[in-house]
Each structure stands twice: as structure tokens, then as C-alpha cells.
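Student: I would like to learn how to read charged and polar side-chain pairs in a model, and then how to set them beside the nonpolar interior. Could we work through one case together?

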Amino acid sequence: MNTFEIKEDFLLNGKPFKILSGAIHYFRVDSADWYHSLYNLKALGFNTVETYVPWNLHEPKKGDFHFEGILDLEHFLSIAEELGLYAIVRPSPYICAEWEFGGFPAWLLNEGTRIRTNETVYLNHVADYYDVLIKKIVPHQLTNGGNILMIQIENEYGSYGEEKDYLRSIRDLMLDRGITVPFFTSDGPWRATLRAGSMIDEDILVTGNFGSKAEENFSSMEAFFNEHGKKWPLMCMEFWDGWFNRWKEPIVQRDAKELAEAIKEVVLRGSINLYMFHGGTNFGFMNGCSARGVIDLPQITSYDYGAPLDEQGNPTEKYYAIQTMIHETFPDIQQMEPLTKDTMEMKDIPLIDKVSLFSTLDTISQSVKMKYPETMEMLGQNTGYILYRTSIKKDAEHERLRVIDGRDRSQLFLNQKLQATQYQTEIGEDIIVPMPQEDNQLDILIENMGRVNYGHKLLADTQKKGIRTGVMADLHFITDWNQYCLPLESCEKVDFSKEWHPNQPSFYRYEVTLDEVEDSFIDLSKFGKGVVFVNQTNIGRFWEVGPTLSLYIPKSLFKKGNNEIVIFETEGTFQPEIQLVKAPLYKEMKEG
């Protein structure tokens, strides 16, 4: 049986071992493509794959666990092992990862607990999750004949807290359930975060996260080790080879040759995990959000990240630059030709049906009647949209309406006509509307654009989505609301036989017959904002503001024969035909 130890070096079967790892998040890559991505990691000459584990996908509702399809962690680990790759697994409750709520399930917001602390209610929920999750991990440990080398306790905790009892509790929950391989923590490489987030006095390996200046950062880590009398191998657990992207901002770029040289600086002195090796896609509503002052800035659907493999999983210029550097630096490492996948195009796919959201609302959601609006979480919904409906009397020719304390994006309709669209910083401002009738229907469509994934706002009440206080007419709160949850995990209950009206949020159904299938990208450059379903799978959000104007569609979502593509669009913009294209589309944007 293989052995892995952490001494002054990493030792595999008693011999020094340099970890050359790449991050592939199984939950961001279609399961049919795992082999492709993992093979390309092995072909680069790397020996290890690293992945986070997202609690919110594995337990979306309390006690309701999922490990099938794209969530089959064990199958992912088995493919890696068959290819000769070791694994680093990061099953901490919090993952960051530019992922919805940093991986926490939204239902925690209803539990009256303080996350990432030694608080009993929170730890009990983690324990229940680990009762199920850790059983999936234990058989794959190196100590049990599998391929897992190390397990992370918490993620960049030094950038959030310093409660050592909490870190010990998470470690003990894992130990009690059978984790026997070495633990580690990962933090920024400077003293404040290392001191706050590490368990160095518990003899738990400390690793650092950075994307450049390896000599400086490793020296800072080494100085911290020396303070505590440790002589450990140096490892960058997240070497940022690119960066994530947000709506309305240009794509972040990094030069391939500069990256290869920066990686060389790391591997000459220590071990590395490329973050990301294959970024993949934030399918559905799983994009995270950056906290910036009073506003949150949601991230885009593509998690391409500028990684060595592009969103589709094909090698980029960065891949080949790293390949050359590895060959020159470590000529004994075996490399292979990487795999590539084809893409297809399909022009002029016709619109078959369309229906307004208001027309089909009762077929896709059941009304919940309450005196005042409730948040998405209180209604048992995690992500997506929620529509609030009530009737208001005419008290004046023009009425002043205000949505008080709502998140994240609000569209207010009076008698099914759009009156105003507001974002976080605008919600609460006056909306002056004409009152044409004695009784008027008021609809407010709220979109959860993504919860923050990093920083102090993880604790903030702003992460509760929907209308959190109420809606005012004149100076009083409006009562008697019908609330429609719209998680839009699929669109199978949409009734296209009902009416469509222009300038309303609507569903548009397109059909295409395919003789052969490959990966593709759907051109959304002439649509406004919304989400796309391919044969009932929600592949993510689009938005005309850019930087991306397309969405990636994995080959496995198509089928030979008839295929259905449904676009839910909220701005009243649609096209009589859509296009599938071979490469992603971008909006020209200027820095700053």
C-alpha cells in the first residue's frame, strides 16, 4: 500500500515527492467530460488533481442529499485514480470558489446561527452533512488504497476569523468519521492570515495561496514556519493562473509566457496546485458574488478563468507554455499529447412557441398567500426568481411606490406593464406610477443574482434574497400578497398554449434536429437578460451587458434527433431564430 507523509519534504512511499496539481471542480464540468479534463492534466506531466466539495449542491435542502451525475464525487476520484492521478480534496463547509454563498446551503440563513464559528447549531448541521459526505471520501484515501493524499480543514479562514476551537471542531468531525490522511489549511501567505487561519501548533500543514512573487511569498511562509519550529515543504495550494470575471467588466487577461515563468519560480522551490486547471461553468444559478462596499457584484456564468484548459476543456496557449516549461525544467517527467474536443454550429434554429411569464405563472408555481412579503429563504427557495403580486387601490392619479429592502434586482409591473427596473443601490427609491383603474395589479419580479462567496458579508442579512421588509404605497406598507417561487431548475411546467404579450418576461421555445452532436455555444447577443434551458437543463445566466454574450453547452446535453432550447428572458427582447456557434462570443469592453 502507498504511503504519504509530511516531513521536511512530502514523502510518497518514503521518497521525496513534488506535488504538481491542478484544480478541476467536478461540479463545474459535465460528468461526461471528466475523463477529458483529467487526462489532459496527466498529459501535462502533473500528478495530482484538486477539488472543492460544494455543500449547497450536495444538500440543497436540509437532509436531502445528492451525489448523482455531475455530483458523483466518488466516480470523479475513481477516474483520476485510473489515470494515475493522486487527489487533494477540500470538503470544508466553506469553499469560496466564486460559488453561490461560498458553498453554504441557503437554508442555513434560516437557522439563526453564526456560520464558520464553534456555535453548536452550525456545527450540528456540519456534522449531519459530514455523516453522509465523509463516507464517500473515506474509501478513496491513500491509507485505504485510494488516491487522496490530503484533506483541507477550512478554506482561507485567516481571511475571516481566528477561532481555533472552530478549526479543531471541523478537524475532529472529520477524524471521528474516518479521515486518516494528513490535514492542511490554506491561507494568504502573509503573517496575519497564517496566524489567524492555521493550526500550526496542532502540527497541521500550512499552505499558501497566491498568483505571483513565489520567492517573496514562500519566504514569508518559511519565516512563519521558523517561528513555530517547523521545517515543512512549501506548497502554493492555489496558484492563480487567471482570474474570475464579473458582469459589466472586461475579461481578465494573463500572458502565457509570463505565467509559465511564474509557475517555474514556484516549482523550483516547492509544490503547486494550479487554480484553475480547468475552470468550467457556473451552471444554473451557482455563480458567486463579490462584496464591494454597499453593493455586491455578481460573477458571470463562465468560469473559464483564463485557465490552461478553456471553458470547454480544450488546451489553450497557457497549456502549451506550461507544457514546454515543465519539459525543460523536469525532462524526466513523461508528457503526452492532450485531447481536444470539436464544436458544432447550427444556424437559424426557429422559434416554435412563446408565452409570457404572467400567463403561465400558475402552471409553474403555486401561490403562497401572506400578509407581508417574505424572503426567498423563508419560502424554502434557494436561488432563481420570485414574483410578488398584490392589488392596490387608486388613491391618486399618480402613486408613489417603493420596494423596501430587496435583493438583488427588481422589476415592478403595474397591470402587467413594466414601470421600473432597480438594482441593489436603487431599490428603495421612489417609483411614480400612473393609476389608470380603481383596482390595479402590482407584480414585482425579484432576481437573486448570486450570494457573496467571500468576506464579512457572509454573515450579512443582505444575503437573504427577495423582499425583506415590504412594499410601500404613499406612506404605508401594502398588505395581502401572493408569492410565486420561481427556482427555474427546469421549464417542464411552462404552458406554451397560453398567451404571449410583448415587453414582458417570457419563455421562448426553439427546436432543432441534430444528426450528430458536439459541444457548442449559444449566441445570446441579441437577447437582454435571463437563463437558458437545453433539454430541460438550466445552463446558466446571460446578460447583454457582457463581457460574455454566449453560453457553453456540453455535448452530453444534446441528443440525436429533436432538441429543445428554451430561453427565459426578462427584458422583453427575443429573436425569431437563434444560432449555435463554435466559439464563445464577447462584448468589446474598455478597462475602467
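Tutor: Let us begin with a polar contact: in this predicted model, the side chains of Arg-389 and Asp-443 are joined by one of 2.5 Å.

Student: Which element holds Arg-389, and which residues does Arg-389 touch beyond those up to four places away in sequence?

Tutor: Arg-389 belongs to strand β16, and, leaving aside residues up to four places away in sequence, its contacts include Phe-358, Leu-361, Gln-416, Trp-481 and Tyr-484, as well as Asp-443 itself.

Student: Is Arg-389 buried or exposed?

Tutor: The cut-off for buried is under 20% relative accessible area, and Arg-389 counts as buried because its relative accessibility is 14% or less, namely 13%.

Student: How should I read the pairing of Asp-443 with Arg-389 in terms of charge?

Tutor: The general idea is that side chains of opposite charge can pair when their charged atoms come close. Here Asp-443 and Arg-389 form a salt bridge, with the closest N and O atoms 2.5 Å apart. This pair links distant parts of the chain, since Asp-443 sits in strand β21 and Arg-389 in strand β16, 54 residues apart, and both partners are buried.

Student: How many salt bridges are there by this rule, and what does Arg-451 pair with?

Tutor: The count comes to 38 salt bridges. In one of them Arg-451 pairs with Glu-377, the closest N and O atoms being 2.5 Å apart. Arg-451 is in the loop between β21 (439-447) and β22 (466-473), while Glu-377 is in the loop between β15 (368-370) and β16 (385-393), so the bridge ties together parts that lie 74 residues apart in sequence. Arg-451 and Glu-377 are both buried.

Student: Where do Glu-511 and Arg-509 stand, buried or partly exposed?

Tutor: These two form a salt bridge with the closest N and O atoms 2.4 Å apart. Glu-511 counts as partly exposed because its relative accessibility is 25%, whereas Arg-509, at 14%, counts as buried. Elsewhere, salt bridges that share partners join Asp-165, Arg-168, Arg-171, Asp-172 and Glu-202 into one network.

Student: Turning to the nonpolar side, which residues touch the most other members of the largest nonpolar core?

Tutor: That core has 118 residues, and Phe-4, Leu-38, Met-150 and Phe-239 touch the most other members. Helix α4 (residues 120-137) supplies its largest share, nine residues.

Technical notes: Residues are numbered from 1 along each chain as its sequence is written. This is a predicted model: local features need pLDDT of at least 70, side-chain atom pairs count only at pLDDT 80 or more; totals for chains, interfaces and linings use all residues. Side-chain values use heavy atoms; hydrogens and water are left out. A nonpolar core is a set of buried Ala, Val, Leu, Ile, Met, Phe, Trp, Tyr and Cys residues joined through side-chain atoms within 4.5 Å. Buried means under 20% relative accessible area, exposed over 50%, partly exposed in between (1.4 Å probe, protein chains only). Helices (H or I, at least four residues) and strands (E, at least two) are DSSP runs, numbered from the N terminus. A salt bridge is a side-chain nitrogen of Lys or Arg within 4 Å of a carboxyl oxygen of Asp or Glu. A polar contact is a pair of N or O atoms within 3.5 Å; within protein, one must be able to donate a hydrogen and the other to accept it, and residues adjacent in sequence count only if both atoms are side-chain atoms. Contact means heavy atoms within 4.5 Å.
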